[in-house]
Amino acid sequence: MPVAASAIYFLNLRGDVLINRLYRDDVGGNMVDAFRTHIMQTKELGTCPVRQIGGCSFFYMRISNVYIVIVVSSNANVACAFKFVVEAVTLFKSYFGGAFDEDAIRNNFVLIYELLDEIMDFGYPQNLSPEILKLYITQEGVRSPFSSKTSDKLVPNATLQVTGAVGWRREGLVYKKNEVFLDIVESVNLLMSSKGSVLRCDVTGKVIMKCFLTGMPDLKLGLNDKIGLEKESQLKTRPAKSGKTIELDDVTFHQCVNLTRFNSEKTVSFVPPDGEFELMKYRITEGVNLPFRVLPTIKELGRTRMEVNVKVKSVFGAKMFALGVVIKIPVPKQTAKTSFQVTSGRAKYNPSIDCLVWKIRKFPGQTEPTLSAEIELISTMTEKKSWTRPPIQMEFQVPMFTASGLRVRFLKVWEKSGYNTVEWVRYITKGGSYEVRC
């Protein structure tokens, strides 16, 4: 069920109404007083963004120094409501030059009322695309003096853009060279024990595309996901090619993807927006290929000395390499002096974060650099407290490697004019929360 909002309010931090819009007559005009009395004055703003007062529900979110409150009187989709708020703020920022605060609202209240009438009709969300709305709401907002963003150029055929089936792409695009760039960017989240066993691991990824194509092309993307390959083999009545398959979890798509076709054929088919956009996001929890294994050994020699030995092994192929590798090895706060040796890269002690920071600019695959350090601690008369040993943290970037094993099987571009297209595919794996217990 969609939002079906009865009213929307814009409040400052004191609870004063900056702008409000009533979409239905099933709530009274004094609902904002109930929000002030039961939520703002009781200082419960940070506890839960959804509150029920009487027969109404309040969905609220703070953006800068402004509270946006949606009031509903029926059972509504909360996620849709907050998605509407986020998209609406993005729309306002595009008109105001990137700023959205109390001053921007006061300087642009006429424009905001006009936009509120367009983006929601009788409480139901409508088109919130800045590119489309700027075709027929041409009034420019009062921009912040700190904003350097220039005005977007208007394009013709506003009616066709608004009412057409492809609202995210305008017609008449022409490029001398038709190119498609596709990046698969993954972040590895890992918690590993000191002995090398994996305690928690998952991969979050996104597929980012940048399209410079003439006309209205239809793209089809094939991945090595298990469900898609099984569906393809059923439709073609022959087994799919052998190779590693993966199971994608929590997949979300850009609005340009044909979900009906994806549900029936498990094929990512879409007419892309012009320029750069995020095609899909996903998560993987099974069969993760770890790019690194960290094996630490920490010995406490009495009250004033420690020995730290850390071995980092790159598991990916020998022809590949990681860039910008940073390993942060925690040490006690009472560290007085450090001396260490590394077989690769450079290391130093950073007292501000109580860590030995080991940096390797280029880390080849199938190698095992090591760090050996001796730590001298300050001797105190008080009883020594046990050191909690925070985990070792690691940052990296591995080009042309995916921890999930995701691969692009094909990327097809079809357009009625039949022009040739150049496709570029790139893989990048980064360290999200990559931690190893000492």
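Tutor: Let's start with a word we'll need: contact means heavy atoms within 4.5 Å. This is a predicted model, where local features need pLDDT of at least 70 and side-chain atom pairs count only at pLDDT 80 or more, while totals for chains, interfaces and linings use all residues. Residues are numbered from 1 along each chain as its sequence is written, and side-chain values use heavy atoms, with hydrogens and water left out.

Student: How do you know that β1 and β2 pair?

Tutor: Two strands pair if DSSP finds at least two bridges between them. Strands here are DSSP runs of E, at least two residues, and helices are runs of H or I, at least four residues, numbered from the N terminus. β1 (residues 7-12) and β2 (residues 17-22) have five bridges, in the antiparallel sense, so they pair by that rule. One of the partnerships joins F10 to I19 in β2.

Student: What makes β2 and β3 edge strands?

Tutor: Look at the order of the open sheet: β2-β1-β5-β4-β3, with antiparallel pairing. β2 and β3 (50-53) each have a single partner strand, so one side of each has no neighbour in the sheet. For β3, that partnership with β4 (residues 56-63) is built on four bridges.

Student: What lies across those strands?

Tutor: Helix α1 (residues 31-40) lies across β1, β2, β3, β4 and β5 (66-72), and runs at about 70° to β4. For such angles, axes are lines fitted to C-alpha atoms, for helices over the stretch in contact, and the angle runs from 0 to 180 degrees between N-to-C directions. Helix α2 (residues 78-96) packs on the sheet as well, touching β1, β3, β4 and β5, and its direction makes about 35° with that of β4.

Student: Why is C355 not in a disulfide with C438?

Tutor: A disulfide is a pair of cysteine sulfur atoms within 2.5 Å. The sulfur of C438 is 9.2 Å from that of C355, its closest cysteine sulfur, so that's too far for a bond. The structure holds zero disulfides.

Student: Why is C438 called buried?

Tutor: Buried means under 20% relative accessible area, exposed over 50%, and partly exposed in between (1.4 Å probe, protein chains only). C438 has 19%, so it counts as buried. C355, at 11%, is buried too.

Student: And what about T214, buried or exposed?

Tutor: T214 has a relative accessible area of 16%, so it's buried. You'll find T214 in the loop between β9 (198-212) and β10 (218-223). Not counting residues up to four places away in sequence, T214 touches several residues, including R169, Y175 and E415.
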